[in-house]
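I opened this notebook to record what I looked up, one topic at a time. The entries follow the order in which I went through the model.

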Amino acid sequence: MNKSKSGVREKVVPATVPSSAPVKEAVPGRLTENDWKDLVESDQDAEIVSDILDELIFSSWDSIYSREIERLVYPYTVEWAREIVEQIVEWQFLERDEGEIDPGSDTNWLEDD
(Lines give C-alpha, C1' and ligand atoms only; values in the text may rest on other atoms or scores of the structure.)
Protein backbone atom coordinates (compact mmCIF):
# COMPACT_ATOMS: atom_id res chain seq x y z
CA MET A 1 0.00 0.00 0.00
CA ASN A 2 1.16 3.45 -0.87
CA LYS A 3 0.27 6.81 0.59
CA SER A 4 -1.17 9.35 -1.76
CA LYS A 5 -0.62 13.08 -1.36
CA SER A 6 -3.79 13.33 0.64
CA GLY A 7 -2.39 10.89 3.15
CA VAL A 8 -4.86 8.15 2.38
CA ARG A 9 -3.40 4.79 1.71
CA GLU A 10 -4.20 3.27 -1.63
CA LYS A 11 -4.23 -0.38 -2.28
CA VAL A 12 -1.51 -1.46 -4.72
CA VAL A 13 -2.57 -4.09 -7.13
CA PRO A 14 0.33 -6.03 -8.63
CA ALA A 15 0.51 -5.75 -12.37
CA THR A 16 -0.46 -8.92 -14.04
CA VAL A 17 1.40 -10.02 -17.06
CA PRO A 18 -0.98 -11.07 -19.74
CA SER A 19 -0.33 -14.70 -20.40
CA SER A 20 1.07 -15.15 -23.84
CA ALA A 21 0.52 -18.04 -26.12
CA PRO A 22 1.75 -21.35 -24.84
CA VAL A 23 5.52 -21.65 -24.92
CA LYS A 24 6.74 -23.65 -27.86
CA GLU A 25 9.44 -26.14 -27.12
CA ALA A 26 12.29 -26.84 -29.51
CA VAL A 27 13.24 -29.95 -27.57
CA PRO A 28 10.15 -31.11 -25.68
CA GLY A 29 10.62 -30.89 -21.94
CA ARG A 30 14.13 -29.50 -22.18
CA LEU A 31 14.56 -26.48 -24.46
CA THR A 32 12.10 -23.73 -25.25
CA GLU A 33 12.02 -21.93 -28.55
CA ASN A 34 13.34 -18.73 -26.93
CA ASP A 35 16.23 -20.66 -25.40
CA TRP A 36 16.94 -22.16 -28.81
CA LYS A 37 16.99 -18.70 -30.43
CA ASP A 38 19.40 -17.47 -27.74
CA LEU A 39 21.70 -20.43 -28.41
CA VAL A 40 21.61 -19.82 -32.17
CA GLU A 41 22.41 -16.12 -31.68
CA SER A 42 25.34 -16.87 -29.37
CA ASP A 43 26.58 -19.49 -31.85
CA GLN A 44 26.41 -16.93 -34.66
CA ASP A 45 28.34 -14.46 -32.51
CA ALA A 46 31.00 -17.09 -31.89
CA GLU A 47 31.22 -17.78 -35.64
CA ILE A 48 31.68 -14.07 -36.36
CA VAL A 49 34.45 -13.82 -33.77
CA SER A 50 36.05 -16.99 -35.15
CA ASP A 51 35.96 -15.60 -38.70
CA ILE A 52 37.56 -12.35 -37.57
CA LEU A 53 40.29 -14.22 -35.69
CA ASP A 54 40.94 -16.47 -38.69
CA GLU A 55 41.29 -13.48 -40.97
CA LEU A 56 43.61 -11.74 -38.51
CA ILE A 57 45.79 -14.83 -38.06
CA PHE A 58 46.04 -15.57 -41.79
CA SER A 59 46.87 -11.96 -42.68
CA SER A 60 49.56 -11.85 -39.99
CA TRP A 61 51.02 -15.18 -41.23
CA ASP A 62 51.07 -13.77 -44.79
CA SER A 63 52.89 -10.69 -43.55
CA ILE A 64 55.40 -12.75 -41.56
CA TYR A 65 55.99 -15.08 -44.53
CA SER A 66 56.53 -12.15 -46.92
CA ARG A 67 59.04 -10.52 -44.58
CA GLU A 68 60.89 -13.81 -44.09
CA ILE A 69 61.13 -14.35 -47.85
CA GLU A 70 62.42 -10.80 -48.33
CA ARG A 71 64.97 -11.37 -45.57
CA LEU A 72 66.20 -14.59 -47.20
CA VAL A 73 66.10 -13.51 -50.84
CA TYR A 74 68.75 -10.78 -50.55
CA PRO A 75 71.61 -13.03 -49.32
CA TYR A 76 70.64 -15.66 -51.89
CA THR A 77 70.59 -13.08 -54.70
CA VAL A 78 73.95 -11.62 -53.68
CA GLU A 79 75.56 -15.09 -53.51
CA TRP A 80 74.12 -16.05 -56.90
CA ALA A 81 75.32 -12.79 -58.51
CA ARG A 82 78.81 -13.23 -56.99
CA GLU A 83 79.08 -16.76 -58.42
CA ILE A 84 77.97 -15.59 -61.89
CA VAL A 85 80.46 -12.71 -61.93
CA GLU A 86 83.19 -15.08 -60.76
CA GLN A 87 82.38 -17.52 -63.60
CA ILE A 88 82.41 -14.73 -66.19
CA VAL A 89 85.80 -13.52 -64.97
CA GLU A 90 87.18 -17.07 -65.06
CA TRP A 91 85.92 -17.48 -68.65
CA GLN A 92 87.66 -14.26 -69.67
CA PHE A 93 90.96 -15.34 -68.20
CA LEU A 94 91.19 -19.02 -69.11
CA GLU A 95 94.35 -20.76 -67.98
CA ARG A 96 96.53 -22.17 -70.70
CA ASP A 97 96.74 -25.97 -70.73
CA GLU A 98 100.43 -26.83 -70.72
CA GLY A 99 99.68 -30.36 -71.86
CA GLU A 100 101.44 -33.46 -70.69
CA ILE A 101 105.17 -33.50 -70.38
CA ASP A 102 105.87 -37.04 -71.63
CA PRO A 103 102.70 -38.75 -72.99
CA GLY A 104 104.72 -41.77 -74.17
CA SER A 105 105.61 -42.83 -70.66
CA ASP A 106 102.15 -42.19 -69.27
CA THR A 107 100.25 -45.49 -68.90
CA ASN A 108 96.93 -43.79 -69.59
CA TRP A 109 97.90 -43.39 -73.25
CA LEU A 110 98.85 -47.03 -73.82
CA GLU A 111 96.56 -49.41 -75.74
CA ASP A 112 94.37 -51.75 -73.74
CA ASP A 113 95.16 -55.42 -74.16
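Before reading any side chain I fixed the terms: a residue is buried when its relative accessible area is under 20%, exposed when it is over 50%, and partly exposed in between. I also note at the outset that this is a predicted model.

Entry 1, the whole chain. I find one helix and four strands, and reading along the sequence I get the pattern β-β-β-β-α. Of the 113 residues, 1% count as buried, and the chain exposes about 11600 Å², of which carbon and sulfur atoms supply 57%.

Entry 2, the start of the helix. Helix H1 covers residues 33-92, and Asn-34 lies in it. I looked up the cover of Asn-34 and found 51% relative accessibility, so this residue counts as exposed. I then took the C-alpha separation of Asn-34 and Lys-24, which are ten residues apart along the chain, and obtained 8.3 Å.

Entry 3, surface patches. Which residues gather in the patch of negative charge on the surface? I list Asp-35, Asp-38, Glu-41, Asp-43, Asp-45, Glu-47, Asp-51, Asp-54 and Glu-55. One of them, Asp-43, has its place in helix H1 and is partly exposed, because its relative accessible area is 44%. A nonpolar patch on the surface is formed by Val-49, Leu-53, Leu-56, Ile-57, Phe-58, Trp-61 and Ile-64, which together have about 750 Å² of accessible area. From this patch I checked Leu-56, which is found in helix H1 and counts as exposed at 53% relative accessibility.

Entry 4, salt bridges. How many salt bridges does the structure hold? I count three. In one of them the side chains of Glu-68 and Arg-71 meet at 2.6 Å, N to O; both residues lie in helix H1, three residues apart, about one turn of the helix. Glu-68 is partly exposed, with 34% relative accessibility.

Entry 5, the bridges of Arg-82. The side chain of Arg-82 meets that of Glu-79 at 2.7 Å and that of Glu-86 at 3.0 Å, in each case N to O. Within helix H1, Glu-79 is three residues from Arg-82, whereas Glu-86 is four residues from Arg-82, about one turn of the helix. Salt bridges that share partners thus join Glu-79, Arg-82 and Glu-86 into one network. Is Glu-86 buried, partly exposed or exposed? Its relative accessible area is 41%, which lies between the two limits, so I enter Glu-86 as partly exposed. I enter Arg-82 as partly exposed at 42%, and Glu-79 likewise as partly exposed at 34%.

Notes:
Residues numbered from 1 in each chain as written. Predicted model: local features only at pLDDT ≥ 70, side-chain atom pairs only at ≥ 80, totals over all residues. Heavy atoms only, no water. Helix = DSSP H or I, 4+ residues; strand = E, 2+ residues; numbered from the N terminus. Buried < 20%, exposed > 50% of the residue type's maximum accessible area, 1.4 Å probe, protein only. Patch = residues over 30% accessible without salt bridge, like charges linked within 9 Å, V, L, I, M, F, W, Y side chains within 5 Å. Areas by Shrake-Rupley, 256 points an atom, 1.4 Å probe, with all protein chains shown as cover. Lys, Arg positive; Asp, Glu negative; His and termini not counted. Charge placed at Lys NZ, Arg CZ, Asp CG, Glu CD.
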